[in-house]
Amino acid sequence: MIPDYQTLMRPVLECARDGEVRIGEVIDRLARGLHLSSEELAKMLPSGKQTMFANRVHWAKAYLLKGGLIDSHRRGYFGITQRGREALSDRGAEINNKYLARFAEFQAFTKRIQELDGAQVPRASSVTPQTVESTETPDEVLRRSHTAITAALGVDLLQRVRQAPPAFFERLIVELLIAMGYGGSSEEAGRALGQSGDDGVDGVIDQDPLGVDQVYIQAKRYADGNNIGAGAIRDFYGALSLKKAHKGIFVTTSAFSTQATETAQGLSSRIVLIDGVQLARLMIRYNVGCRDEEVLHLKKIDEDFFEPM
């Protein structure tokens, strides 16, 4: 298990006990010392630009710096301070945000965060509970909040789709497929998927704007719990055979039974199953039925900007 960034504070500090160290070497040394698995070391942040372990080591270093336990005089390196040595000498001390909160520099740091955040500034001796108690890094908190908001949006979207009339579901499938790169234009896609039955939308749509290849589509707007069985998949396969098609997309607002999934996997034609959860995720990803309310950019110091000329 990858330690949280507060747990990593003492190990990071111990790496600098004998003198200035490079952050990259600290990450490698701690990875070996903690006996992390290859899977844990390879686990990436959602951005795909940094591993989770390296990110947490960097945050541990950043907070130790704000607390005055280490200092940094050149890019990528840091060294221990006298305060840091005193912290290490106290074997019973748990070096974390609560420990750092005793120092004026760390209090000033958290106060500045509140001021920049537009929050009401408390008295100088206090520190925000989230700063002290959270074992997650600030960007992990942000990403977890984003995940929770997105999940709630997905639930709302799926509920609205189930409550909408059949004609709306037809338009939704068209808009989603166009957003994903199918169908060429809305007019072409609309003609291709223009026939609806009692159970949803059935039709053929171009896989590419030139119509070189086509995909057969079936969609069933079912309530939660009314899952698609293997029989519906076999019927869809039969429809593909009649059309001499080799690719199909089966969309439902409910879910597929285990037998339905196994049936689709065992058929010779390529049939992609999209259940209600996946449908909501695709709608969010391609901004169908939702829109960007606010864009947040995660930024960091541009070290090259501050390099001496």
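## Arg22 and the strand pairing

Arg22 stands opposite Tyr77, a residue of strand β3. In this predicted model, β3 covers residues 77-80 and is joined to β1 by two bridges, the two strands running antiparallel. The wider arrangement is an open sheet of three strands, ordered β1-β3-β2, with antiparallel pairing. Its edge strands are β1, made up of residues 21-22, and β2, made up of residues 70-71, and each of these pairs on one side only.

## The salt bridge of Arg22

Besides its place opposite Tyr77, Arg22 takes part in a salt bridge with Glu25, in which the closest N and O atoms are 3.8 Å apart. How buried or exposed are the two partners, Arg22 and Glu25? Arg22 has a relative accessibility of 33% and therefore counts as partly exposed, while Glu25, with a relative accessible area of 38%, is also partly exposed. This pair belongs to a structure that holds eight salt bridges, and two further examples are described below.

## A bridge between two helices

The side chains of Arg83 and Glu105 meet in a salt bridge with an N to O distance of 2.9 Å. Arg83 lies in helix α5, which spans residues 82-89, and Glu105 lies in helix α7, which spans residues 104-117, so the contact ties together parts that are 22 residues apart in sequence.

As for accessibility, Arg83 is partly exposed because its relative accessible area of 24% falls between the limits of 20% and 50% that bound this class. Glu105 is likewise partly exposed, its relative accessible area being 37%.

## A bridge from a loop to a helix

A salt bridge is also formed by the side chains of Asp224 and Arg162, with 4.0 Å from N to O. Here the pair links distant parts of the chain, 62 residues apart: Asp224 sits in the loop between β6 (214-220) and α12 (230-242), whereas Arg162 belongs to helix α9, which covers residues 138-163.

Which class of accessibility does Asp224 fall into? With a relative accessible area of 64%, Asp224 is exposed, because this value is over the 50% limit for that class. Its partner Arg162, at 25% relative accessibility, counts as partly exposed, so that in this bridge an exposed Asp224 meets a partly exposed Arg162.

Methods
Residues numbered from 1 in each chain as written. Predicted model: local features only at pLDDT ≥ 70, side-chain atom pairs only at ≥ 80, totals over all residues. Heavy atoms only, no water. Buried < 20%, exposed > 50% of the residue type's maximum accessible area, 1.4 Å probe, protein only. Helix = DSSP H or I, 4+ residues; strand = E, 2+ residues; numbered from the N terminus. Pairing = 2+ DSSP bridges.
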